[in-house]
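Please look over the sequence and the structure shown below, and keep both in view while reading. The paragraphs that follow go from one residue to its partner, and then outward to the fold.

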Amino acid sequence: MSWINRRQKRGSDQPKQLLYFAEQQLESEFYAVIRTTWFEGKQVKSVEELAYSFCDGMTPNDLRRLLKDLLVKGADVSICCIVGADELGLKDK
């Protein structure tokens with residue numbers, strides 16, 4: 001993943017976390033798609049992408065807890081979801 005490391009090196013002083021949210025329609029029964037980027041120091045360690053469907057039993061409250069957990073652990077998170085940011089308790093600062 002050296003090409004990712006070259007493109008996404010974090011700044012040297014204080015790394016900033018990324019939370020990207022997009023409300024959009026998803027295919028079939030999907031509720032949300034979450035891409036998580038994990039870092040080791042300033043380098044990308046891994047990138048994971050998971051799709052959650054209604055069959056998984058995911059609720060807005062479950063999704064909110066998952067996002068909080070990922071951010072607290074230091075990951076960058078990108079999410080596409082069929083519900084709005086307000087329904088997930090996400091607010092602009």
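Arg 35 is partly exposed, with a relative accessible area of 42%; here buried means under 20% relative accessible area, exposed means over 50%, and partly exposed lies in between, as found with a 1.4 Å probe on protein chains only. This is a predicted model, in which local features need pLDDT of at least 70 and side-chain atom pairs count only at pLDDT 80 or more, while totals for chains, interfaces and linings use all residues. Residues are numbered from 1 along each chain as its sequence is written, and side-chain values use heavy atoms, with hydrogens and water left out.

The side chain of Arg 35 forms a salt bridge with Glu 49, and their closest N and O atoms are 2.5 Å apart; a salt bridge is counted when a side-chain nitrogen of Lys or Arg lies within 4 Å of a carboxyl oxygen of Asp or Glu. This pair links distant parts of the chain, since Arg 35 belongs to strand β2 and Glu 49 to strand β3, 14 residues apart. Glu 49 is likewise partly exposed, at a relative accessible area of 47%.

By this rule the count comes to four salt bridges. One of them joins Glu 40 to Lys 45, with 3.9 Å between the closest N and O atoms, and both of these residues are exposed. Another brings together Arg 65 and Asp 62, at 2.5 Å from N to O; these two are three residues apart in helix α2, and are therefore separated by about one helical turn. Asp 62 is partly exposed, with a relative accessible area of 27%.

How are the strands ordered in the sheet? Four strands form an open sheet with mixed pairing, in the order β1-β4-β2-β3, where helices (H or I, at least four residues) and strands (E, at least two) are DSSP runs numbered from the N terminus, and two strands pair if DSSP finds at least two bridges between them. Because β1 (19-23) and β3 (43-53) stand at the edges, each with a single partner strand, one side of each is left without a neighbour in the sheet. From one strand to the next, the twist averages 10°.

Strand β1 runs parallel to β4 (residues 76-81), and five bridges join them; Glu 23, for instance, has Cys 81 in β4 as its bridge partner. Helix α2 (residues 60-72) packs on the sheet, touching β1, β2 (30-40), β3 and β4, where contact means heavy atoms within 4.5 Å. The direction of helix α2 makes about 10° with that of β2; axes are lines fitted to C-alpha atoms, for helices over the stretch in contact, and angles run from 0 to 180 degrees between N-to-C directions.
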